[in-house]
Amino acid sequence: MKQLLKQYFGYDDFRPGQKKLIDSIMAGRDVLGIMPTGAGKSICYQIPALAMDGTAVVVSPLISLMKDQVTALNQAGIHAAYINSSLTENQICLAFANARQGRYKIIYIAPERLDTPQFYEYSEMADIALVAVDEAHCVSQWGQDFRPGYLNVAAFVGRLEEKGRRPVLCAFTATATKEVKDDMICMLGLKDPNVLVTGFDRENLYFAVERPKDKMKAALGYVTSHAGESGIVYCNTRASVEEVCDMLVEHGVPAARYHAGMSNEERMENQDDFIFDRKPVIVATNAFGMGIDKSNVRYVLHFNMPQSMENYYQEAGRAGRDGAAAQCLLLYAPKDTATNRFLLENKESKKEMTEDERKEILERDLQRLKVMTFYSTTKECLRKYILNYFGETTHCDCHNCGNCDADFEKHDVTELGRQVVNCVYEVRQRFGINIVLGVLRGSKNAKIVRYGFEGLKTYGKLADYAESTLRQVIDALLQEDILIQTADRYPVLCLGNSYGKLKDEQYQLTIKTEVRKSTESGGAAGTGERVGAKGKAKGTLGKGALDDAGFALFEQLRQKRLALAKEERVPPYIVFSDKTLVDMCLKRPRTLEEMLEVSGVGTSKLVKYGEAFLQVIKGA
């Protein structure tokens with residue numbers, strides 16, 4: 001197995017968890033691998049596919065994912081093909097003809113294609129040794145990306161089993177709650193699988209949340225401070241994508257856009273511009289990214305808060321797939337919660353459901369949104385918050401996130417919390433945050449006057465406190481379950497199960513405020529300066545791993561990679577990853593034999609590219 005790994009992929013050893021899953025597959029046992037993005041899930045089925053007699057069928061959800069994987073495999077000297085709707089009927093017929101002749105070791109196929117006459121005919125005579133299901137969470141209705149076509153997998157494997165030819169079945173995903181994990185095992189028909197959760201931590205990712213006064217200025221400051229690096233900017237609406245992309249382009253940033261309101265042709269053209277580094281920045285809705293195997297994304301910037309932690313971690317995880325340092329920055333504003341709530345309540349996918357189903361799913365969606373809001377407002381370690389959510393309990397701060405790096409002061413706000421709770425009680429637990437804040441700060445809002453709230457004991461009681469401070473207090477009360485927010489269309493504040501805590505004289509409610517002062521932009525340009533500088537200091541490609549001479553060589557190698565990629569019409573990262581180029585700069589090989597010692601250089605790529613990169617290194 002190690003020999004195959006080095007020969008085709010250029011790595012000397014397996015990453016955590018890979019060998020265990022590979023050994024199980026080779027022993028004929030089904031497996032379920034839950035491994036974070038960038039942990040090397042594909043190696044877990046590609047190596048067994050090479051070692052086994054017969055062919056491996058990989059069920060994959062997106063055209064872009066299949067295209068990337070197949071291009072990379074063929075570059076590594078492995079015969080592979082994909083079959084999906086991007087091909088013409090003639091091309092599909094040719095692919096099946098080649099497959100019947102045994103020309104491919106690995107065939108990627110869309111789940112819907114499993115239930116077609118052509119695939120039936122092929123599977124009747126083919127020696128299928130392995131079926132791998134990528135992005136397996138798509139089979140679960142409780143997952144974020146449910147896709148009915150995935151239900152074809154169990155039927156397909158069942159047909160082979162009836163003929164005494166059941167292949168080994170393996171499934172992989174990056175994130176899964178217990179409910180989704182149980183769904184995957186059941187709906188895919190995994191038999192006594194070896195379930196491996198390698199851990200959700202991505203140590204090379206730096207997480208940060210900022211609350212700038214001007215998000216546009218913040219985004220521009222951040223992106224321009226990372227000029228030349230590849231990044232994704234996520235927005236939660238098409239209108240925001242257009243606005244942010246136009247703003248970046250106006251300021252000279254080579255950016256593309258991507259959302260569902262564009263034509264297929266324009267989306268594919270913009271996606272290719274991003275993948276081939278013609279435009280290293282892409283501004284997109286969450287319609288973009290699933291299955292994009294671009295390894296050199298150095299940052300993911302969320303212009304808006306996502307709807308769930310599952311969505312956020314999947315999207316943020318598209319940074320740093322090569323294992324090198326990368327950053328994940330979320331720009332948060334309180335209105336993000338309201339916007340996401342509206343989007344969840346008006347989901348297209350809910351139109352075919354019954355009223356009870358819609359209500360149940362909305363409640364689950366709103367609970368996920370609540371978790372994401374807490375992440376966006378917490379002052380605790382961000383990595384710890386993420387890992388705890390996914391069931392990976394840790395009590396230690398990571399010292400590698402925006403909150404761990406910030407200088408916070410703790411404030412006792414127990415008395416403020418009591419006043420907020422008193423106000424919620426006085427307005428009879430029938431109003432939302434804005435009305436409660438208005439009463440406490442003595443607002444003359446027409447609604448407050450109409451309801452006679454000027455006569456309440458708590459009216460104007462906290463007029464001397466900034467609204468932002470009181471919102472922090474309410475956030476703390478919600479996290480402590482002293483208050484709860486209903487799931488109604490217009491959510492109201494109510495007393496939670498733990499509101500009695502405030503009666504205990506020993507109880508202390510605290511909030512944290514940052515000591516560090518904002519910059520001129522009110523935290524906007526400061527976001528770019530602070531997080532960007534932190535990332536460079538922590539070892540992104542510029543300063544951490546390389547000295548100045550090494551970085552100059554890296555830039556020369558990157559230009560050579562770009563030239564070769566253009567000649568072969570493949571994305572640059574398919575030639576070599578950024579991490580491989582950095583290793584070349586550190587090891588500075590002088591011969592082809594020494595080049596083989598570089599991580600990511602396998603036999604096939606050594607023959608194709610070794611001499612070209614050696615010449616650059618020798619001339620540096």
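Arg202 is placed in the loop between strand 7 (194-197) and strand 8 (205-210); helices (H or I, at least four residues) and strands (E, at least two) are DSSP runs, numbered from the N terminus. The model is a predicted one, in which local features need pLDDT of at least 70 and side-chain atom pairs count only at pLDDT 80 or more, while totals for chains, interfaces and linings use all residues. Residues are numbered from 1 along each chain as its sequence is written, and side-chain values use heavy atoms, with hydrogens and water left out.

With a relative accessibility of 6%, Arg202 counts as buried; buried denotes under 20% relative accessible area, exposed over 50%, and partly exposed the range in between (1.4 Å probe, protein chains only). Apart from neighbours within four places in sequence, Arg202 is in contact (heavy atoms within 4.5 Å) with Pro36, Thr37, Tyr313, Gly317, Ala319, Gly320, Arg321 and Arg383. Met262 lies 60 residues from Arg202 along the chain, and the C-alpha atoms of these two residues are separated by 33 Å.

Confidence was examined through pLDDT, the predictor's confidence in each residue, from 0 to 100. The protein has an average pLDDT of 87, and 93% of the residues score at least 70. Over residues 517-543, however, the pLDDT is below 50, although this stretch has 66 contacts in the model beyond near neighbours in sequence. Where pLDDT is low, the predicted coordinates should not be read in detail.

Salt bridges were assigned where a side-chain nitrogen of Lys or Arg is within 4 Å of a carboxyl oxygen of Asp or Glu. Under this rule the count is 30 salt bridges. One of them joins Arg298 and Asp578, with the closest N and O atoms 3.3 Å apart. This pair links distant parts of the chain, since Arg298 belongs to strand 12 (residues 297-302) and Asp578 to helix 24 (residues 578-587), 280 residues apart. Both partners are buried, Arg298 with a relative accessible area of 3% and Asp578 with 2%.

A salt bridge within a helix is formed by Asp23 and Lys19, whose side chains meet at 3.0 Å, N to O. The two residues are 4 residues apart in helix 2 (residues 18-26), and therefore separated by about one helical turn. Asp23 is partly exposed, at a relative accessible area of 36%, and Lys19 is likewise partly exposed, at 37%.

Lys444 and Glu454 form a further salt bridge, in which the closest N and O atoms are 3.3 Å apart. Lys444 lies in the loop between helix 18 (433-440) and helix 19 (446-450), and Glu454 in the loop between helix 19 and helix 20 (467-479), so the pair ties together parts that are 10 residues apart in sequence. Lys444 is exposed, with a relative accessible area of 61%, whereas Glu454 is partly exposed at 34%. Elsewhere, Asp30, Glu161, Arg166 and Lys191 are joined into one network by salt bridges that share partners.

Disulfides were sought as pairs of cysteine sulfur atoms within 2.5 Å, and the count comes to 0 disulfides. Cys186 is in no disulfide, the nearest cysteine sulfur, that of Cys138, being 17 Å away; Cys186 is exposed, at 56% relative accessibility. The sulfur of Cys245 is 9.1 Å from the closest cysteine sulfur, in Cys235, which is too far for a bond. Cys245 is buried, with 0% relative accessibility.

On the surface, a nonpolar patch is formed by Phe146, Leu151 and Met187, which together have about 220 Å² of accessible area. Patches are made of residues with over 30% relative accessible area and no salt bridge, like charges being joined within 9 Å and nonpolar side chains (Val, Leu, Ile, Met, Phe, Trp, Tyr) within 5 Å; accessible areas come from the Shrake-Rupley method with a 1.4 Å probe, and for residues only the protein chains shown count as cover. Phe146 lies in the loop between strand 5 (128-133) and helix 7 (152-162) and is partly exposed, at 32% relative accessibility.

Two further helical positions were examined. Thr414 is located in helix 17 (residues 414-426) and is buried, with a relative accessible area of 6%. Not counting residues up to four places away in sequence, Thr414 touches Leu502, Tyr507, Gln508 and Leu509. Glu594, in helix 25 (residues 592-595), is partly exposed at 39% relative accessibility. Beyond neighbours within four places in sequence, Glu594 is in contact with Arg588 and Pro589.
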